[in-house]
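Here's a quick tour of one model, written for someone who likes to poke at coordinates. Have the viewer open as you read.

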Amino acid sequence: MTGAGVATSILAVMALLLGAGSVALAQATGDTASAGQAAAVSTTGEQTYREICQACHMANAEGGQGAGVVPALAANAHLADRQFVLDRVTHGKGGMPAFAEMLSAEQTAGVIGYVRTHFGNSYTDAVTPADVKRVTAAMGGD
Ligand code: HEC
């Protein structure tokens with residue numbers, strides 16, 4: 001790995017830690033095209049995926065094994081259930097961080113839409129920012 005590659009990896013890790021709080025990073029990828037602008041507020045679902053989710057679920061969404069097992073999002077039938085995905089991304093579970101307070105409703109809806117319509121998934125019944133707000137409001141802001 002080149003020096004620049006190492007620096008890119010460190011940036012990616014830092015972006016994740018900054019974005020995801022105290023989450024232990026299972027894996028980082030040195031292949032983060034957007035790392036140079038990692039501190040920017042992401043505006044599209046793809047950007048959010050690249051800046052946050054990819055570090056664990058990997059660039060191709062195949063998941064992997066580092067400190068723990070990260071499931072593939074690619075061709076994952078669980079993603080057919082929009083409520084399941086919404087719940088998992090906002091509440092987290094195990095090694096999956098809860099993003100309710102880290103991402104805006106728009107970012108959450110965007111990244112959910114992105115993973116549900118990419119990587120071999122084609123679930124087009126969109127999750128809207130209003131759906132996200134309903135779920136996070138019900139969490140009662142802990
Ligand atoms: C720190 C690592 C990490 C990050 C960052 C992360 N995930 Fe996860 N994710 C996990 C782990 C680990 C699981 C498995 C949780 C379990 O079921 O125990 C998971 C599970 C999931 C699941 C459920 C998959 C299934 O079949 O059960 C979805 C959907 C998901 N993640 C989406 C996302 C999205 C979208 C993002 C970005 C906003 C993201 N994840 C960021 C680690 C991560």
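Which helices do the buried residues of helix 3 pack against? Those buried residues pack against helix 4 and helix 5 (129-139). Keep in mind that this is a predicted model.

**Helix 3 up close**

The residues of helix 3 that count as buried are V85, V89 and T90. They sit on the same side of the helix, because they cover an arc of only 120 degrees around its axis. Flip to the face turned away from that buried side and you'll find the exposed residues Q83 and F84. Just after helix 3, G92 takes a positive phi of about 70 degrees.

V85 is worth a click, as a member of helix 3. Why does V85 count as buried? Because 23 other C-beta atoms lie within 10 Å, and the cut-off for being buried is 20 or more. Leaving aside residues up to four places away in sequence, V85 touches L79, I112 and R116. V85 and R116 are 31 residues apart along the chain, yet their C-alpha atoms are separated by 8.9 Å.

**The ligand shell**

Now for the ligand. There are 27 residues around it, and C53, C56, G94, G95 and M96 come nearest. Sorted by type, the shell looks like this:

| Residue type in the shell | Count |
|---|---|
| Nonpolar | 18 residues |
| Polar | 7 residues |
| Charged | 2 residues |

Helix 2 (45-57), helix 3 (82-91) and helix 4 (105-116) each chip in at least two residues of this shell. Which helix gives the most? That's helix 2, with 6 residues.

**The nonpolar core**

In soluble globular proteins, nonpolar side chains tend to be buried together. Here the largest nonpolar core has 22 residues, and the members touching the most others are Y49, C53, L73, A109, V111, I112 and V115. Helix 2, helix 3 and helix 4 each supply at least two residues of this core, with helix 4 giving the most, 6 residues. Two names come back here: C53 is also among the residues nearest the ligand, and I112 is one of the residues that V85 touches.

**How far to trust it**

The protein averages a pLDDT of 79, and 69% of the residues score at least 70. Over residues 5-40, though, the pLDDT is below 50, and this stretch has 59 contacts in the model beyond near neighbours in sequence.

Definitions and conventions
Residues numbered from 1 in each chain as written. Predicted model: local features only at pLDDT ≥ 70, side-chain atom pairs only at ≥ 80, totals over all residues. Near = placed C-beta within 6 Å. Helix = DSSP H or I, 4+ residues; strand = E, 2+ residues; numbered from the N terminus. Nonpolar A, V, L, I, M, F, W, Y, C, P; charged D, E, K, R; others polar. Buried ≥ 20, exposed ≤ 12 C-beta atoms within 10 Å, placed from the backbone. Arc of directions from axis to C-beta. Contact = placed C-beta atoms within 7 Å. pLDDT = per-residue confidence, 0-100. Core = buried A, V, L, I, M, F, W, Y, C linked by C-beta atoms within 7 Å.
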